[in-house]
Structure formats: C-alpha cells, structure tokens
Amino acid sequence: MSTAPSEISVKPPGIEFAIGALAATGAGFFTNPIDVVKVRLQLQGELAARNSYKKIYKNTLHAAYLIGKHEGVLALQAGIVPALYFQVVLNGIRLGVYNTAKNHELITNQKGDTAIFSTVIVTGLSGCMGAVLGSPFYMIKTQLQSQSAQSIAVGHQHNHMGTWCTIKSLWKEGGIAALYRGWYAGVPRLFVGSATQLTTFGLAADWLRSLDILTDQPILLTFVASAIGGSCVALTIQPFDVLATRLYNQRTEVGGKGALYGGLVDAFLKIFRTEGVTGLYKGLVPTWMRIAPHTVLCLVFYEKLDQLYSRLKN
C-alpha cells in the first residue's frame, strides 16, 4: 500500500477484496473490546439531560472494569462474530475498491500522489456500499455489545441468544426488511469515516515520501501514515457513530418502527435538544482508542498480506 503506483503489480479485484477482508478481521479481533466499551458509553444517559441521570460508567477504564467485574472478561468480546462478519463485508469492499482504484491510477494525480477529491468520492461511496450490505451484522453487533448484567445495563436490552439465533429470529419476524432495519444508520458514518481515513492516510504517506522518510521501510511508513489517518477519523466520525449506535439499538414497535427515533435527522435533533452537543460526542475517547489502532492494524496487516501474496505469486 505504501509502494509507488509505478511499482505496484495490479492484482485482480477478488484478491484485493480477500486481502482487505482478512486484514480487517485480524484488526477487529484486537479492537472489539474497546468497541464494547464505546457502545456502552454512547448509550448511557440516552435522551436524558446532562447531569440528570446517574453515570454507571465514569470513563473508558471504569467501563471496562465494570464489564469485566459484573459480566466476566469474555464479555469484552461481546458481538465479536457479527463484528468480524461486518469487517469482511465493509473492508473487503472499501479496501478492495481503494487499492484497485489506486493501482489503476484512478485516485492519484500525474505525480502519483493522492488526488483528494476523487479519493474522497471513491472511498466514501465504497464505505457506503459496505455499510449498507453489512448492515445486519452491524445491527446485531451493536445489540449484542449493549446487552449486559442488569446492574450495569444502559440502553434497550434485546436479550439475544447469539448471532445466528438473532438472524433466524429477525428473519421470522419480517424477512429481509427486519434484517436490514435501519440500514441507513451507518451510511453517513461510513462515508465520512472511510473518506477521512483513507484520504488522510494517502496524504500522510505522500508527505512522508516527499520528505524521504521511511521510504525504505514500507511497514513502518504504513504504520505512521495510518496512525495519522486513524486519529483524524476519530474526530470526524464520532457524531455519526453515536447516531448509528442509537438507531441500531433502539427498541422497535409493531411493524419494525423505531420506538425512540424516526430516522437520522430525528435522532440528531432529539439527541441535540436533550443531551446537547456533548451527547453527540459520548464515547469519543474509546472511539479514538478503537479506530486509531484498528486503522493501524488493518492497514499494516494489509501491507504484510500484500507482500506475502507478491512473494507467493512470484
């Protein structure tokens, strides 16, 4: 990923998809625990005015401690199965599209550097595609991560028995419509997140090369550039991440209609009016603690798998 376009051997899109999916599942396994903490913090005090409710989770570390104490250490890996399925769909698509477009010089300028506008559009739209197709897994992931011991419960508790039991239950309830309930919730999250992450990653990598830094160490260059990209995405994605968590986890009424929110705009307005701006930034610290390492791991794993593929091919 850190190699200049002229030096890259173009791989079939299917290989790009497979490498991206495998890299993302590896990253997802390590970052899922902090994702569980993030979801709990985002649901705490839902639609309640600031300082009007008792904070069960005081901060990121306290939340992790309480989850481990009341539910066991393995609870920090809640929702890991649908989370990894979602990573396969999302990052298989967006990393596959990103690298295919990059290899064919569709998102680079004449110098071989990142073309900002085209990169934003390509990565943003591919992120949206992954968000929609992987929506059932993200919804189930969120609902499983929010389930907790009654003493530390926040948000609606769906009481699912597991991934496949939930899929069967949703299918019996309303078929494909039930599985894709709230599919739109992740669209702005992944457009903004994917565009920010991969565009800033590309720009950071270009900048490092222009300074002749780490050009002979592709893995380390990818590490530094992805750390920059991951940190940037944490700030831009946060309000949309809160919206997605709330919309996917809300209780539904007869017919599958959300009991709290009627859609993205309705959710935004209700959260802003009752919880203020800070409500849209709940869980910012664990979001950064998750997305920055996830970006680094995902892109570094991709780089290593890409190198491995090249060696095996040759």
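1. Contact, as the word is used in this note, means heavy atoms within 4.5 Å. The structure discussed here is a predicted model, and the points below take up one pair of helices and then two pockets.

2. Under that definition, helix α4 meets helix α7 through I116, T119, V120, T123, G124, L125, S126, G127, C128, A131 and V132, and the residues of α7 that take part are V187, L190, F191, S194, A195, L198, T199 and L203. Sorted by class, this contact of α4 with α7 holds 12 nonpolar and 7 polar residues, with no charged residues.

3. As for the geometry of this pair, the axes of α4 (residues 116–133) and α7 (residues 187–210) come within 7 Å and cross at roughly 140°. Angles over 145 degrees would count as roughly antiparallel, and the two helices are therefore described as oblique to each other. The crossing in which α4 passes α7 is right-handed.

4. The largest pocket encloses about 380 Å³ of space. It is lined by 20 residues, of which Y53, K55, T278, K282 and G283 are the closest to its centre. Helix α10 (residues 284–313) gives the most to this lining, with 3 residues, and the lining as a whole divides into 8 nonpolar, 7 polar and 5 charged residues.

5. The second largest pocket has a volume of about 310 Å³, and of the 21 residues that line it, Q143, H158, R181, Q250 and T252 are the closest to its centre. Two or more lining residues come from each of α5 (135–146), α6 (163–179) and α8 (218–249), with α6 giving the most, 4 residues. By class, the lining of the second largest pocket has 6 nonpolar, 12 polar and 3 charged residues.

How values were computed
Residues are numbered from 1 along each chain as its sequence is written. This is a predicted model: local features need pLDDT of at least 70, side-chain atom pairs count only at pLDDT 80 or more; totals for chains, interfaces and linings use all residues. Side-chain values use heavy atoms; hydrogens and water are left out. Axes are lines fitted to C-alpha atoms, for helices over the stretch in contact, and angles run from 0 to 180 degrees between N-to-C directions. Angles under 35 degrees count as roughly parallel, over 145 as roughly antiparallel, 65 to 115 as roughly perpendicular and the rest as oblique. A crossing is left-handed if the near helix is turned anticlockwise from the far one by less than a right angle, and right-handed if clockwise. Ala, Val, Leu, Ile, Met, Phe, Trp, Tyr, Cys and Pro count as nonpolar, Asp, Glu, Lys and Arg as charged, and the others, Gly among them, as polar. On a 1 Å grid over the protein atoms alone, a cavity is a set of points where a 1.4 Å probe fits but cannot get out, and a pocket is an open set with protein on both sides within 12 Å along at least five of seven lines; lining residues have an atom within 4 Å of a point. Grid points are joined across faces, edges and corners, and a volume is the space filled by probe spheres set on the points.
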